[in-house]
Amino acid sequence: MSAPLSADAQKQAAGEAAAQLVQPTMTVGLGSGSTAEAFVRALARRTLAVRAVATSEATATLAASLGFDLLDLNAAGLIDLTVDGADEIGPGLALIKGGGAALLREKLVWEASARRVVIADASKRPGRFGRFPLPIEVVAFGHATTAARIDVTLARLGLAARARLRLRDGQPVRTDGGNLIYDAPCEEIGDPAALAGALKALTGVVEHGLFLDLAERAVIGTDEGVVTFFP
Ligand code: 5RP
């Protein structure tokens, strides 16, 4: 039996394994968060000639410091492979993302990618989808009215959650795009596609953190080593 690995060590192992999926000359989407950071650092250590597109300002800063050739998404064309973390991984590799408030740029980069791989530590597969409060990016103008409509939408879908404005140090968190984040503690999302569609239809909602039918595989660090799952 292997010794238990810390979550950080599991993230590191997943990031290292995903870095092995990258081939020279690829255009690579760089995710956001601590697991994605492990991937970015591992990829930098491989010193491959790749071009990269960052999913957040924080990742762009990190990648620039490591010497990556960074491209704007508009200039990238089809991205060969994007590797990113997740806050929760559910059945069929349905994901909840946005814990780091980068969900909009992440989804734009994921959808511009031919291949998308999610990396995580073992805690991100809790067995019940919806445990992590669902991040929802909302325009600042009239955000409280948008939040009220989000709550009505959740209730219509049988979810008792109330969306909460995300604060840091008492101030609303602003995304890289200047928007706000609401978090909806759904507890369990029985029909992710229905929820995704209903949220997307609301004026004022920019994007939500449900990433459905996007990940081609999950590379998970566990106590038994790195395990790969497919949808
Ligand atoms: C940021 C994200 C991150 O990928 C997610 O929050 C996971 O972060 P970490 O790897 O630090 O646990 O979606 O918006």
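1. Is strand 4 (residues 79-84) largely enclosed by the rest of the structure or left open, and how many of its residues are buried? In this predicted model, 5 of the 6 residues of strand 4 are buried, and the strand is therefore largely enclosed by the rest of the structure. A reader new to the model may find this strand a useful place to begin, since several of the points below return to it.

2. Strand 4 has pairing partners that are worth following one at a time. Strand 1 (residues 27-30) runs parallel to strand 4 and is joined to it by 3 bridges, and within this pairing L30 has V83 of strand 4 as its bridge partner. Strand 7 (residues 113-121) also pairs with strand 4 in the parallel sense, here over 5 bridges, and in that pairing the bridge partner of L81 is R115 of strand 7.

3. S113 belongs to strand 7 and deserves a separate look. With a relative accessible area of 4%, which is under the 20% cut-off, S113 counts as buried. Its side chain forms a polar contact of 2.6 Å with the side chain of T82, while a polar atom of the S113 side chain also lies 2.6 Å from the backbone oxygen of V109. Leaving out residues up to four places away in sequence, S113 touches L78, I79 and T82.

4. The ligand is surrounded by 17 residues, of which the closest are S34, T35, D87, K97 and K124. Sorted by class, this shell holds 8 polar, 6 charged and 3 nonpolar residues. Three polar approaches to oxygen atoms of the ligand can be checked in the structure: a polar side-chain atom of K97 lies 2.9 Å from a ligand oxygen, a backbone N or O atom of G100 lies 3.2 Å from a ligand oxygen, and a polar backbone atom of G85 is 3.3 Å from a ligand oxygen. Taken alone, the ligand exposes 380 Å², and the protein buries 91% of that area.

5. E207, placed in strand 13 (residues 205-208), is a charged residue whose surroundings should be read with care. Is E207 buried or exposed? Its relative accessibility is 5%, and because this falls under 20%, E207 counts as buried. The side chain of E207 makes a polar contact of 2.9 Å with the side chain of K107, and a further polar contact, of 2.3 Å, joins the side chains of E207 and K200. Setting aside neighbours within four places in sequence, E207 is in contact with L103, L104, K107, I136, E137 and K200. As a point of orientation, E207 and A36 are 171 residues apart in sequence and lie 21 Å apart in space, taken from C-alpha to C-alpha.

6. Two loop residues call for a check of the backbone. D169, in the loop between strand 10 (167-168) and strand 11 (171-172), has a positive phi, near 50°, although the residue is not a glycine. D213, in the loop between strand 14 (210-211) and strand 15 (217-222), likewise is not a glycine and has a positive phi of about 55°. What is the exposure of these loop positions? D169 has a relative accessible area of 77% and so counts as exposed, and D213, at 73% relative accessibility, counts as exposed too.

Methods
Residues are numbered from 1 along each chain as its sequence is written. This is a predicted model: local features need pLDDT of at least 70, side-chain atom pairs count only at pLDDT 80 or more; totals for chains, interfaces and linings use all residues. Side-chain values use heavy atoms; hydrogens and water are left out. Buried means under 20% relative accessible area, exposed over 50%, partly exposed in between (1.4 Å probe, protein chains only). Helices (H or I, at least four residues) and strands (E, at least two) are DSSP runs, numbered from the N terminus. Two strands pair if DSSP finds at least two bridges between them. A residue is near a molecule or strand if one of its heavy atoms lies within 4 Å of it. A polar contact is a pair of N or O atoms within 3.5 Å; within protein, one must be able to donate a hydrogen and the other to accept it, and residues adjacent in sequence count only if both atoms are side-chain atoms. Accessible areas come from the Shrake-Rupley method with a 1.4 Å probe; for residues, only the protein chains shown count as cover. Contact means heavy atoms within 4.5 Å.
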